[in-house]
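Me: Please take a close look at one part of this model, namely its salt bridges. I should like a connected account that also covers the surrounding sheet and packing.

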Amino acid sequence: MRRNVRRIVSATALLLAAGPGWLAAQAVQEGSITGRIVDRVTQAPIVAAQVTVVGTSRGTATGEDGRFRIAGLKPGAIIVRALRIGYQAEARRGVVVAGQAVTIDFTLGTATVSLDEVTVTATGEQERKRETGNVISTIQPAPEILAA
């Protein structure tokens, strides 16, 4: 019987010794970031922009109103990146606070994209026109489109 009492006392002492560290680990809360992405000129919301926390796999896309929310982030300094085709990518620094939602908004400017000449064949292979029996077309952008 004394042996059982010793085991119970030892186990209780071990739990009490480990308890504060275990409880502190359980007390760490996660935070979140929210925000809105709009066009720099028109102030219209940018739909389907990709928002990611740099260095993690956490991210989301903006909704119809340009808003986003990423939850489950560890407290501390972060870099958030926003990008959308046709707009310049932008990154902002922020600090995630445990149990709180931090707001990080973006205003993206448009970006000009230049396209190169593309040659397309029906077979998907590059051949000389003389060797193929199908039509080969070349699409070139109009000069006035490139100047815009």
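Reply: A residue is called buried under 20% relative accessible area, exposed over 50% and partly exposed in between (1.4 Å probe, protein chains only). The model is predicted, so local features need pLDDT of at least 70 and side-chain atom pairs count only at pLDDT 80 or more, while totals for chains, interfaces and linings use all residues. Residues are numbered from 1 along each chain as its sequence is written, and side-chain values use heavy atoms, with hydrogens and water left out.

The structure contains three salt bridges (a side-chain nitrogen of Lys or Arg within 4 Å of a carboxyl oxygen of Asp or Glu). Glu90 takes part in a salt bridge with Arg92, at 2.6 Å from N to O, and in another with Arg40, where the closest N and O atoms are 3.6 Å apart. Because Arg40 lies in the loop between strand 1 (31-39) and strand 2 (50-53), whereas Glu90 belongs to strand 6 (residues 90-96), the pair ties together parts that are 50 residues apart in sequence. Strands here are DSSP runs (E, at least two residues), numbered from the N terminus. Arg40, Glu90 and Arg92 are thus linked in a network of salt bridges. Within this network Glu90 is buried, at 16% relative accessible area; Arg40 is partly exposed at 41%, and Arg92 is partly exposed at 33%.

Strand 6 also belongs to an open sheet of four strands, in the order 3-2-5-6 with antiparallel pairing (two strands pair if DSSP finds at least two bridges between them). Strand 3 (59-61) and strand 6 stand at the edges with a single partner strand each, so one side of each is left without a neighbour in the sheet. From one strand to the next the twist averages 20° (axes are lines fitted to C-alpha atoms, and angles run from 0 to 180 degrees between N-to-C directions). Strand 6 is joined to strand 5 (residues 76-83) by seven bridges, and the two run antiparallel. Arg92, a member of the salt-bridge network, is the bridge partner of Val80.

A further salt bridge joins the side chains of Asp65 and Arg67, with 3.7 Å between N and O. Asp65 is partly exposed at 38% relative accessibility, as is Arg67 at 48%.

Arg67 leads on to Thr62, which touches Arg67 and Phe68, as well as residues including Ile37, Val47 and Val51 (contact means heavy atoms within 4.5 Å). Thr62 lies in the loop between strand 3 and strand 4 and is buried, at 6% relative accessibility. Its side chain reaches the backbone oxygen of Ile46 at 2.8 Å and the backbone nitrogen of Ala48 at 3.0 Å.

Phe68, touched by Thr62, belongs to the one aromatic pair in the structure. Phe68 and Phe106 are tilted, with 6.4 Å centre to centre and 45° between the planes (rings of Phe, Tyr and Trp, the last by its six-membered ring, pair if their centres lie within 6.5 Å; planes under 30 degrees apart count as stacked, over 60 as edge-to-face and the rest as tilted). Phe68 sits in strand 4 (residues 67-73) and Phe106 in strand 8 (residues 106-108), so that the pair links distant parts of the chain, 38 residues apart. Phe68 is buried at 5% relative accessible area, and Phe106 is buried at 1%.

Definitions and conventions
A polar contact is a pair of N or O atoms within 3.5 Å; within protein, one must be able to donate a hydrogen and the other to accept it, and residues adjacent in sequence count only if both atoms are side-chain atoms. Lists of a residue's contacts leave out its neighbours within four places in sequence.
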